[in-house]
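Reader: Could you take me through the helix packing and the aromatic residues of this model in one connected account, paying attention to where individual side chains sit and what they touch?

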Amino acid sequence: MKNKYLHILFLLCFLNFFSQTPVSLETAFEKAIENNLQVKSGQLKKDYHHRIKNSAAVVDPLNITAEIGQLNSAYADNAISVNQKLRLPKFYQSQNQVLMEEWKNAMLTLEVQKLQLKRELALSYNNLNYLDEKQKLLEKADSIYSQYYQRADLRLRAGESNILEKTTAENYRSQAEIQLQNLMKDREVSQHQLNYLINDAQYYTNLKGGFYIMELISDGNYDGNATVLKQYEQQKNIENAKLNAEKTKLLPSVNLGVTSATQYGFGADEKFYDRGKRFQSGLIGLDLPLFNTAQKSIIEGQKINQQIAENNYQIAVKNLKNRYAVTFGAYLKLKSELEYYRSKGLKNAQTIFFTANLLLKEGEINYLEYTMLVNQSLEIENRYIDAQKLFNEKIIELNALRAE
């Protein structure tokens, strides 16, 4: 029965492993652009603003009134009036400009969302590559301590060592196994994050390799991310358009009307009338916003919104430059650290490991000294992998800040 459950567990793990589709970072981004829910939401907002951008020319409802009764004399008359209120062309133009600027902003927002998605994908992908390298190192440590445990067990049986050496070896081997198990769980979480961003029916994983070859787009002068700054610039354009739209509400409106009425008789007691006769008249008038204190307050408030948009733009420029400078400084620091590991550190780790095995074999060091030397060698490799991960993250951040 136990073997049956183990067989089922192995089969599930096997199917899960081979159901994963390796995908490059570029392909993952292409798929995410099509399927990511945040991007879809941004696309829908863009489509919404595109649909309503021509809705500014909304005319007030046509007013139709009918009257019947003793309007002009003792006899019953009827009248029908049609009245329409119209704004001046400048009013509709200013409203239309607001909608156009909001549509442009929706397009820029979508582009910023795509840049953010690309950055998040790159970070998630890099984390999976990092965990692959950590897995290799932990498997190496597990192999070393497994061999060491076997030797310690044989030495104990031969009476050449005590139980402490075997227990120490078993402890290091167990630690490597536990760390490897935890790493696999971390990998599942990172892989889930990658697939959440892609949002496709298939389940993807990273392609192996590429962890040590990430490059910076440019390390020249930085004036800010063009796409992000365009969006802040567009916020200024929106507030400017809104201010102009509020000002046009102080313009007069035109009223146009036509009335068609009957008029029976010529006075209160006149009995002469013509049943088929109708009389027409026209009307033209102006609506003057004389009591405009409230609207002027709105205009003054909108001027403050203009200043806020300008201030936000200046903040964005400084924040982007500061982020780039801080990230670039960390990038240079990690670059120097990696150069040390590649030129000396990794070679030293190999030398330490080789020498430790040689000295243990020749009996010149004890098990405690051996484990200290092996751990030192593995720690150098571990720090190198950690530094490479951080270095890649800085490259991703810098490339995202420069992305167009």
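Author: Helices and strands are here DSSP runs, a helix having at least four residues and a strand at least two, and both are numbered from the N terminus. In those terms, Ser-24 falls in the loop between strand E1 (20-23) and helix H2 (25-35). The model is a predicted one, and what follows should be read with that in mind. Once neighbours within four places in sequence are set aside, Ser-24 is in contact with Tyr-125 and Leu-207. Its C-alpha atom is 46 Å from that of Glu-165, a residue 141 places away along the chain.

Glu-165 leads on to the packing of two helices. Helix H5 (residues 163-198) and helix H8 (residues 367-402) have axes that come within 10 Å and cross at roughly 15°. Since angles under 35 degrees count as roughly parallel, H5 and H8 are therefore roughly parallel to each other, and the crossing in which H5 passes H8 is right-handed. On the H5 side the contact is made by Leu-164, Glu-165, Thr-168 and Tyr-172, while H8 contributes Tyr-367, Thr-371 and Asn-375. Sorted by class, these residues of the H5 and H8 contact are three nonpolar, three polar and one charged.

Helix H5 also holds Ser-190. The relative accessible area of Ser-190 is 10%, and because the cut-off for a buried residue is under 20%, Ser-190 is buried. Residues up to four places away in sequence aside, Ser-190 touches Ser-124, Asn-127, Leu-128 and Leu-131. For one of these, Leu-128, the C-alpha atom is 6.4 Å from that of Ser-190, although 62 residues separate the two in sequence. In the loop between H5 and E4 comes Asn-199, whose phi is near 60°, a positive value in a residue that is not glycine. With a relative accessible area of 31%, Asn-199 is partly exposed.

Helix H8 takes part in the aromatic pairing as well. Searching the whole structure gives 11 aromatic pairs. In one of them, Tyr-212 and Tyr-384, the ring centres are 5.5 Å apart and the planes stand at 5°, so the pair is stacked, planes under 30 degrees apart being counted that way. This pair joins distant parts of the chain, with Tyr-212 in the loop between strand E4 (203-206) and helix H6 (226-248) and Tyr-384 in helix H8, 172 residues away. The two rings have unlike surroundings: Tyr-212 has a relative accessible area of 31% and is partly exposed, whereas Tyr-384, at 9%, counts as buried.

A tilted aromatic pair is formed by Tyr-340 and Tyr-341, with 5.4 Å from centre to centre and 55° between the planes. Here too a partly exposed residue, Tyr-340 at 41% relative accessibility, is paired with a buried one, Tyr-341 at 5%. The four tyrosines of these pairs belong to one aromatic cluster, made up of Tyr-130, Phe-211, Tyr-212, Tyr-340, Tyr-341 and Tyr-384.

The other helix packing to consider is that of H6 with helix H7 (residues 293-362), whose axes are 9 Å apart and at an angle of about 170°. Angles over 145 degrees count as roughly antiparallel, and H6 is therefore roughly antiparallel to H7. The contact of H6 with H7 comprises 11 nonpolar, seven polar and eight charged residues.

Two residues add detail to these helices. Asn-312 is found in helix H7, where it is partly exposed at a relative accessible area of 33%. Its C-alpha atom is 9.0 Å from that of Gln-235, with the two positions 77 residues apart along the chain. Gln-231, by contrast, has its place in helix H6 and counts as buried at 16% relative accessibility. Apart from its neighbours within four places in sequence, Gln-231 is in contact with Asn-105, Leu-108, Thr-109 and Val-112.

Taken together, the account gives a roughly parallel packing of H5 with H8 and a roughly antiparallel packing of H6 with H7, with Tyr-212 and Tyr-384 linking the loop between E4 and H6 to H8.

Terms used. Residues are numbered from 1 along each chain as its sequence is written. This is a predicted model: local features need pLDDT of at least 70, side-chain atom pairs count only at pLDDT 80 or more; totals for chains, interfaces and linings use all residues. Side-chain values use heavy atoms; hydrogens and water are left out. Axes are lines fitted to C-alpha atoms, for helices over the stretch in contact, and angles run from 0 to 180 degrees between N-to-C directions. Angles under 35 degrees count as roughly parallel, over 145 as roughly antiparallel, 65 to 115 as roughly perpendicular and the rest as oblique. A crossing is left-handed if the near helix is turned anticlockwise from the far one by less than a right angle, and right-handed if clockwise. Contact means heavy atoms within 4.5 Å. Ala, Val, Leu, Ile, Met, Phe, Trp, Tyr, Cys and Pro count as nonpolar, Asp, Glu, Lys and Arg as charged, and the others, Gly among them, as polar. Rings of Phe, Tyr and Trp (its six-membered ring) pair if their centres lie within 6.5 Å; planes under 30 degrees apart count as stacked, over 60 as edge-to-face and the rest as tilted. Buried means under 20% relative accessible area, exposed over 50%, partly exposed in between (1.4 Å probe, protein chains only).
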